[in-house]
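How do the aromatic rings of this protein meet one another, and where do they sit with respect to the surface? The report below takes up these two points in turn.

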Amino acid sequence: MIIDYFWPKLEYMDLDSMWFQQDGTTNHTAHVTIDLLRNKFDERLSRNGTVDWPPRSCYLTPLDFYLWGYVKSLVYANKPTTLEELKANIEREIAAVLAEICGRVMENWV
């Protein structure tokens, strides 16, 4: 996932001023995952980095305190009954999230 989907999105970003924040689930803290992330973010990791951030706080990121709940409410609005319907809803709603919404969330979070 990191190599195939995340790295290409970072190609045109200034990583020197960016931190990577993640939770403490096992697959996120595995040595292979941390090594991959450290190659891009050096010590700017929320886990195993120079700053010891709380592992599970729902108030640390705008994604946690707003966006996932917002998207979830839209994904389940039509009560999908099959896995295919659920996947289609998730893809549709994530694609429909406007940059303007993300910007407003960030402004309110700060």
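Rings of Phe, Tyr and Trp, the last taken by its six-membered ring, are treated as a pair if their centres lie within 6.5 Å, and planes under 30 degrees apart count as stacked, over 60 as edge-to-face and the rest as tilted. By this rule the count comes to 2 aromatic pairs in what is a predicted model. The geometry of each pair is set out here.

| Pair | Centre to centre | Angle between planes | Class |
|---|---|---|---|
| Phe 6 and Trp 7 | 5.6 Å | 35° | tilted |
| Phe 6 and Phe 41 | 6.4 Å | 25° | stacked |

Since Phe 6 belongs to helix α1 (residues 2–10) and Phe 41 to helix α3 (residues 31–41), their pair ties together parts that are 35 residues apart in sequence. Taken as a group, Phe 6, Trp 7 and Phe 41 are linked by ring pairs into a cluster.

The members of this cluster can also be described by their exposure, for which buried means under 20% relative accessible area. Phe 41 is buried because its relative accessibility is 0%, and Trp 7, with a relative accessible area of 15%, is likewise buried, whereas Phe 6 is partly exposed at 26%.

A charged residue also belongs in this picture, as Lys 40 lies over the face of Trp 7, at 5.0 Å from the ring centre.

Methods:
Residues are numbered from 1 along each chain as its sequence is written. This is a predicted model: local features need pLDDT of at least 70, side-chain atom pairs count only at pLDDT 80 or more; totals for chains, interfaces and linings use all residues. Side-chain values use heavy atoms; hydrogens and water are left out. Buried means under 20% relative accessible area, exposed over 50%, partly exposed in between (1.4 Å probe, protein chains only). Helices (H or I, at least four residues) and strands (E, at least two) are DSSP runs, numbered from the N terminus. A charge sits over a ring if NZ of Lys or CZ of Arg is within 6 Å of the ring centre and within 35 degrees of the ring normal.
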